[in-house]
Amino acid sequence: MMRLFISPAKKMRADVDFLQAEQLPQLLSKACELLEYCRGLTVQELKKLLCCNDGIAALNYERYRDMVLEHAVTPALLAFDGIQYQYMAPQLFTEEQFGYVRKRLYILSGFYGILRPFDGVLPYRLEMQAKVRIDGQSSLYEFWGDKICRSLEGETDVILNLASEEYAKAVRPWLSEHTRFLTCAFKEEQGGRLIQKGTYAKMARGELVRLMAERQVEDLAEICSLTPG
């Protein structure tokens, strides 16, 4: 059965009223290591790591201090609140659509590694390109290594990449030769060239996931008939 993965979003929320989480993330023990690392940083060190302003650094400094990862109750699919997720609109999904993404969709994460739609998460800020310095490693790509890819390949040998390059790079180098890996690119013609614009690509990725769930797409060939936007 085909699996697809998407990027997370910087903006997050806690939602305890709509749907409950069904399980904890698969790589929670590694996330706990990152949590301890982040707790050891000063506000200014965290600001540098996250490439953010003072307010965001202070907010996440407090978040990391208060986190109890095992108590997370917001499903990952509902916790992220960026453009991609707004156009996916999971709050409007039917039971059939939720069943579809539950079996096929994964969300990559700098902090959690890889998430199923109903894994319980807490709001955080840590992008995959962050230059962490932990256990002799100098990036989150090194920290996660092949673990994200192995989680995906443990489920399927057909993977559809709907993530940004920042997150696809956490999977692509580790793929086995037997895995079929396809990337959807959303571009428009401009001055005789095909250009991908970040905002429009996020919108299209979210819409495509929604359309796939609506139509219960099972085969990669069916995706060509879907037209986001």
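The questions and answers below concern helix packing and residue burial in a predicted model.

Q: Are helices H1 and H3 parallel, perpendicular or oblique to each other?
A: Helix H1, residues 28–39, packs with helix H3, residues 54–66, at an angle of about 125 degrees, and their axes are 9 Å apart. Angles of 65 to 115 degrees count as roughly perpendicular and those over 145 as roughly antiparallel. The angle for this pair falls in neither class, and H1 and H3 are therefore oblique.

Q: Which residues of H3 meet H1, and how do the residues of that contact divide by type?
A: The crossing of H1 and H3 is left-handed. On the H1 side the contact involves Leu 35, Cys 38 and Arg 39, and these meet Tyr 64, Arg 65 and Asp 66 in H3. The residues of this contact divide into three nonpolar, no polar and three charged.

Q: Are H2 and H3 roughly parallel or roughly perpendicular to each other?
A: The axes of helix H2, residues 43–50, and of H3 come within 9 Å and cross at roughly 110 degrees. Since the range from 65 to 115 degrees is the one that counts as perpendicular, the two helices H2 and H3 are therefore roughly perpendicular.

Q: What is the handedness of the crossing of H2 and H3, and how many residues of their contact are nonpolar, polar and charged?
A: The crossing of H2 and H3 is right-handed. H2 contributes Val 43, Gln 44, Leu 46, Lys 47 and Leu 50, while H3 contributes Asp 54, Ala 57, Ala 58, Asn 60, Tyr 61 and Tyr 64. The residues of the contact of H2 with H3 divide into seven nonpolar, two polar and two charged.

Q: What span does H10 reach from its first C-alpha to its last?
A: H10 runs over residues 198–215 and has 18 residues, for which 26 Å is expected at 1.5 Å a residue. The span in the model is close to that expectation, at 26 Å.

Q: Against which elements do the buried residues of H10 pack?
A: Among the buried residues of H10 are Ala 201, Arg 205, Gly 206, Leu 208 and Met 212. The elements that the buried residues of H10 pack against are strands E1, E3 and E6 together with helices H5, H6 and H11.

Q: Which residues of H10 does Gln 84 touch, and why does Gln 84 count as buried?
A: Gln 84 is found in helix H5, and because its relative accessibility is 6%, under the 20% limit, it counts as buried. Not counting residues up to four places away in sequence, Gln 84 touches Ile 6, Ser 7, Pro 8 and Leu 162, and also Lys 202, Arg 205 and Gly 206.

Q: Is Lys 202 of H10 buried or partly exposed, and what is its relative accessible area?
A: Lys 202 lies in helix H10 and, leaving aside neighbours within four places in sequence, is in contact with Ile 83 and Gln 84. Its C-alpha atom is separated by 9.8 Å from that of Met 88, 114 residues apart along the chain. Lys 202 is partly exposed, with a relative accessible area of 42%.

Q: Which residues is Lys 197 in contact with, leaving aside its neighbours within four places in sequence?
A: Lys 197 is found in the loop between strand E9 and helix H10, and it is partly exposed, with a relative accessible area of 31%. Its C-alpha atom and that of Phe 186 are separated by 8.1 Å. With the neighbours within four places set aside, Lys 197 is in contact with Glu 188 and Gln 190.

How values were computed:
Residues numbered from 1 in each chain as written. Predicted model: local features only at pLDDT ≥ 70, side-chain atom pairs only at ≥ 80, totals over all residues. Heavy atoms only, no water. Helix = DSSP H or I, 4+ residues; strand = E, 2+ residues; numbered from the N terminus. Buried < 20%, exposed > 50% of the residue type's maximum accessible area, 1.4 Å probe, protein only. Contact = heavy atoms within 4.5 Å. Axes fitted to C-alpha atoms, helices over the stretch in contact; angles between N-to-C directions. Parallel < 35°, antiparallel > 145°, perpendicular 65-115°, else oblique. Left-handed = near helix turned anticlockwise from the far one by under 90°. Nonpolar A, V, L, I, M, F, W, Y, C, P; charged D, E, K, R; others polar. Expected span 1.5 Å × (residues − 1).
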